[in-house]
Structures are given as structure tokens and as C-alpha cells.
Amino acid sequence: AQDYFRVKGWNDNNNNNNNNSSNSTSSGASVSGAIIHSLQEEDQIKEDVRIIEAGDEALQEAVSGATIIISCLSSLRYSNLWTDYLKVPLLRVFRQDASKWCVDNTHPYYINYLSTKKILEVAEREQLKRDAYNEFERERLLLEEQIERGRKMIMEDEEEEGFESEIAAGLRKKRGTRQRQQHLVAGEDAVDLPKYGITPSSTDRIKFIRISHSMVGRNPFRLVSILTNVLRSQVTRFEFLGEQLLSKSRLIDTIILRPGEEVTDIERDSNSTSLQLCIDGDVPSPNLGLVGRDDIADLAVVAALTKTSLDDDELSFSTAPTTNNATDDGTQEVESTDNISNRPHHYTWSLRWTGGNGSESSALCFVKAIKNEMKLSRIGKMKEKRLTQYHLGAQLLSIRRWMRRTRPHALSVALTVYVALGATAWYFFGSTILDLALRARRHNLLQRFLPL
């Protein structure tokens with residue numbers, strides 16, 4: 001904060017007073033001194049420090065001009081029995097806003113939920129600015145194309161050599177070329193990209209990739225989920241709330257990756273082990289969920305560097321090009337669709353190692369997942385359309401969506417904690433309570449105190 005103030009020119013009060021007295025002969029200097037003095041007020045300094053510590057300026061600077069956001073945030077905070085469960089029973093367990101009672105910035109509320117919320121808000125504001133700029137560019141290019149068309153009509157059969165409209169160059173840049181090169185950079189650690197994938201451009205929507213964990217998609221009443229939430233400050237609950245924020249966004253594309261329960265640094269043996277990716281957000285049984293960090297990183301890079309925006313009927317990404325125009329250098333020029341839907345996509349994928357039913361690389365997993373997402377989206381739309389035709393079909397559809405968005409993590413934690421505390425108290429003090437109750441009944445103590 002002090003370095004930030006020094007760059008802005010906000011010096012100490014004493015220095016400002018000396019500077020103002022030495023430059024009092026100049027009216028401009030006195031005005032600037034008054035402005036600096038106003039910025040040096042104690043309340044303003046506290047507010048500036050709060051903004052800097054909140055990270056808003058750093059987030060805005062990082063997201064500005066970005067097309068891809070990859071979030072790998074996680075927290076490790078063990079629950080405090082007194083503050084989390086006993087001081088205010090039940091209320092703090094079910095309360096979503098933990099900032100009302102917890103000031104520990106390592107709490108999952110701040111890291112898993114609030115940080116995701118801040119990044120998403122900054123990304124959506126940036127996307128709104130980008131949409132306005134892209135709309136202005138489209139109108140400008142359209143006007144230029146109309147001018148060029150009128151110029152050709154005036155020139156009739158004459159051609160002007162060396163003239164090329166910016167609209168043509170812009171369209172070629174938008175279409176791009178599909179290179180045969182499958183590596184991002186040369187080297188042994190290069191990431192394999194899909195063969196016919198399209199690299200995202202600066203005009204695409206911002207893509208938010210969140211690396212979560214597979215326990216978010218599991219039943220909250222599983223033993224492992226209960227123990228994790230009870231002992232680690234309901235980390236799964238706040239991670240799920242952060243994912244819900246991403247899935248409700250109407251401005252940016254989101255991809256949530258849920259690795260298996262056990263993440264390792266061991267390198268995967270491609271001869272005996274393959275990578276399995278499930279588009280429903282939960283790995284099938286047996287769900288040990290062992291997966292390597294390298295495979296998680298490779299899949300995140302592939303998803304980031306391959307366009308996944310939805311068109312009206314199909315994804316702009318496909319496993320084979322639709323129109324091939326061979327060029328002299330051997331590459332293929334493919335014309336992409338121009339009609340891009342304004343509806344963003346939200347994918348939730350889980351991945352693990354498996355001996356079969358998997359793929360050799362992250363790129364193949366990505367291609368398979370995109371195909372399945374296209375098929376599932378088409379089938380889901382048909383089922384929803386058919387369901388709405390029946391009586392109370394729309395209400396049933398809304399109930400299904402609500403159940404899909406709801407996870408009773410807080411309920412599972414509350415039942416486990418307070419039932420365990422009650423059982424423990426009964427084990428130690430149950431006989432004493434029964435003895436006191438029998439004595440009170442024998443001596444008719446209740447009848448004596450009731451008139452009072």
C-alpha cells in the first residue's frame with residue numbers, strides 16, 4: 001500500500017505541508033497541494049488500503065484484455081468446534097455468508113466462493129465492454145464493405161490494383177487456418193491439441209476454467225463427504241456454491257474440471273492406463289479417482305486453447321473440417337460459421353485414470369467430451385420440448401432443475417455434528433439426568449414449583 005501511495009504521489013502530511021508552503025507563490029501548486037492533502041485524509045487512506053487488499057485492482061488489471069481464465073484456488077482450514085458449531089448452533093452451519101461471523105481469510109467461503117465470485121464479476125464487466133467494442137467493429141466493417149461495393153459499381157469493369165478492404169482481411173483473420181501442427185510449442189513437454197481444433201480469437205467470449213474436485217458432484221451424505229465437510233469447514237459446500245455462480249453466468253463460457261479424489265505427481269503409463277473424462281461431473285464406480293496433475297494441466301490447456309463456443313446447431317469445434325481449401329504451404333483453410341449464438345455454454349467434467357474405456361491423451365478426451373456434449377444438448381432440448389407439452393410439464397421441469405442445483409451439504413453437516421454431540425453428552429451425563437428426573441418425580445418437585 002505504501003508503494004502504491006508513493007507511485008500515486010500521495011506523500012505524508014508533513015511532506016505535503018512543506019511542499020505546499022514552499023510552492024505557495026504558485027496558484028496551480030496550491031491547488032494540486034490541496035488535492036493531495038484531501039487524498040491524505042485518514043478515511044481515504046483506509047479505503048484505499050481496503051481496496052488494494054481486496055484485490056479488485058489486481059483482478060481488473062489481470063482480466064483486462066484476457067480471453068482465458070484458469071482458476072486453481074483451494075483452501076485447507078480445519079473446523080473450529082467452538083466458533084463453527086457451538087457458539088451459535090445451527091445458524092452458522094446453514095448461513096451462506098460466513099463473513100458475518102468468521103474473519104479467518106483461509107475459510108472456504110473466502111477462497112472457494114468469494115474469490116470465484118469476484119473474478120466472475122470482473123470477467124463479466126470485461127465481457128460487456130468487449131461485446132460493445134465488437135458490435136462497433138462489426139458496424140464499421142459493414143459500412144466499409146458497403147463503401148467498397150459502391151466503389152466497384154462506379155469503377156464498373158476497371159480494377160484498382162493494390163487495394164484491399166479491411167473487412168476482407170478481418171474476415172480472413174476470423175476464419176483463420178487450421179494448421180497440421182499439433183503442438184503448442186516445440187519440445188518434449190509440448191501439449192497435444194486437437195487436430196482440427198480452432199484457436200480462440202480476441203473476439204470470442206471469455207472462457208472461465210475452474211479446477212474443482214470430484215467430491216462436489218457426490219452425494220453429501222456419503223461418509224467421505226460428511227467427514228470432509230465436518231472437519232474442513234464445509235469446503236465442498238462453498239466449492240459447490242462457487243460452481244453454481246459459474247453455471248448461472250449469461251455472459252461468459254465456463255468449464256469446470258473435477259479431478260478424482262486422489263491427485264498424484266506420478267506420471268501415467270500410457271500403455272496400461274488411459275484417461276477417462278465424464279461429462280456428467282461424476283466419475284463412475286469404482287470411483288477411486290486417481291489422476292495425475294500433468295493430465296489435469298494438459299486438459300485445462302487443451303480446453304483453453306481450443307474454441308468451444310456454441311453455434312446455433314452445432315459447436316464451432318468439430319473433429320473434421322467442413323470446407324477445405326488447400327494452400328501452397330500445405331495447410332488447410334477452413335471457413336468457420338459466422339452465426340455464433342449469444343448463449344454461453346457451461347460444461348462440468350470429471351476425469352480419472354482407468355484401465356479401459358478411456359483415451360490416450362487429453363486432446364482425445366476433449367474431442368470425445370465435445371461430441372458427447374453436442375449429443376446430450378440436442379437430446380436434452382428434445383426431451384424438454386416434449387415435456388413442456390404435457391400438463392404441469394413446465395413445473396416438473398423447473399423442479400428437476402432446482403433439484404439439480406441443490407446439494408444439502410449444510411444439512412448433512414448439521415445432522416452429523418449435533419447428533420454426535422448429543423450422543424456424546426448422553427453417554428457422559430445421561431444417567432445423571434435420568435437420576436435427577438426420577439428424584440424430582442419422587443418428591444413431586446414439579447408440582448411444588450409449578451404454582452410459582
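**Close-up views of a predicted model**

The structure holds 17 salt bridges, and this is a predicted model. A few of those bridges get their own views below, along with a helix pair and the nonpolar cores.

**View 1. The whole chain, to get your bearings.** Before zooming in, it helps to know what's here: the protein chain has 16 helices and ten strands. Of its 452 residues, 35% are buried. If you take the contacts in the chain with a separation of 6 or more, 80% of them come from residues 24 or more positions apart.

**View 2. Arg77 and its two acidic partners.** Start with Arg77, which pairs with Asp84 in a salt bridge whose closest N and O atoms are 3.2 Å apart. Is Arg77 buried or exposed? Arg77 is buried, because its relative accessible area is 10%, under the 20% cut-off. Asp84 is buried too, at 5%. Arg77 also meets the side chain of Asp104 in a salt bridge, this one at 3.0 Å from N to O. That second pair ties together distant parts of the chain, 27 residues apart: Asp104 belongs to the loop between helix H7 (91-94) and H8, while Arg77 sits in the loop between strand S1 (68-71) and helix H6 (81-86). Asp104 is partly exposed, with a relative accessible area of 29%.

**View 3. Asp265 reaches Arg293.** Here's another salt bridge, with 2.7 Å between the closest N and O atoms of Asp265 and Arg293. The two partners come from distant parts of the chain, 28 residues apart: look for Asp265 in the loop between strand S5 (262-264) and strand S6 (274-278), and for Arg293 in helix H12 (residues 293-304). Asp265 is exposed, with a relative accessible area of 59%, whereas Arg293 counts as partly exposed at 44%. Elsewhere in the salt-bridge picture, Arg218, Arg222, Glu261 and Asp282 are joined into one network by bridges that share partners.

**View 4. Helices H8 and H11 side by side.** Helix H8 (residues 108-155) packs against helix H11 (residues 235-247) at an angle of about 10 degrees, and their axes are 8 Å apart. How are the two oriented, roughly parallel or roughly antiparallel? That angle makes H8 roughly parallel to H11, because angles under 35 degrees count that way. On the H8 side, the contact is made by Pro108, Tyr109, Asn112, Tyr113, Thr116, Lys117 and Leu120. H11 answers with Val235, Phe238, Glu239, Leu241, Gly242, Leu245 and Leu246. Sort the residues of this contact by type and you get nine nonpolar, three polar and two charged.

**View 5. The largest nonpolar core.** This core has 23 residues, and the ones touching the most other members are Ile255, Leu257, Trp349, Leu351 and Phe366. Strand S3 (207-211), strand S4 (253-259), S6, H12, strand S10 (346-354) and helix H13 (362-387) each supply at least two of its residues. Which element gives the largest share? That's H12, with six residues.

**View 6. Around Leu351, and a second core.** Setting aside residues up to four places away in sequence, the residues Leu351 touches include Leu257, Pro259, Leu275, Leu277, Val283, Val291, Ile296 and Leu299. Leu351 also touches Arg258, Gly260, Gln276 and Asp295. Apart from the largest core lies another, of eleven residues, among them Val63, Ala123, Leu246 and Ile256. You've already met Leu246 in the contact of H8 with H11.

Conventions. Residues are numbered from 1 along each chain as its sequence is written. This is a predicted model: local features need pLDDT of at least 70, side-chain atom pairs count only at pLDDT 80 or more; totals for chains, interfaces and linings use all residues. Side-chain values use heavy atoms; hydrogens and water are left out. Axes are lines fitted to C-alpha atoms, for helices over the stretch in contact, and angles run from 0 to 180 degrees between N-to-C directions. Helices (H or I, at least four residues) and strands (E, at least two) are DSSP runs, numbered from the N terminus. Angles under 35 degrees count as roughly parallel, over 145 as roughly antiparallel, 65 to 115 as roughly perpendicular and the rest as oblique. Contact means heavy atoms within 4.5 Å. Ala, Val, Leu, Ile, Met, Phe, Trp, Tyr, Cys and Pro count as nonpolar, Asp, Glu, Lys and Arg as charged, and the others, Gly among them, as polar. A salt bridge is a side-chain nitrogen of Lys or Arg within 4 Å of a carboxyl oxygen of Asp or Glu. Buried means under 20% relative accessible area, exposed over 50%, partly exposed in between (1.4 Å probe, protein chains only). A nonpolar core is a set of buried Ala, Val, Leu, Ile, Met, Phe, Trp, Tyr and Cys residues joined through side-chain atoms within 4.5 Å.
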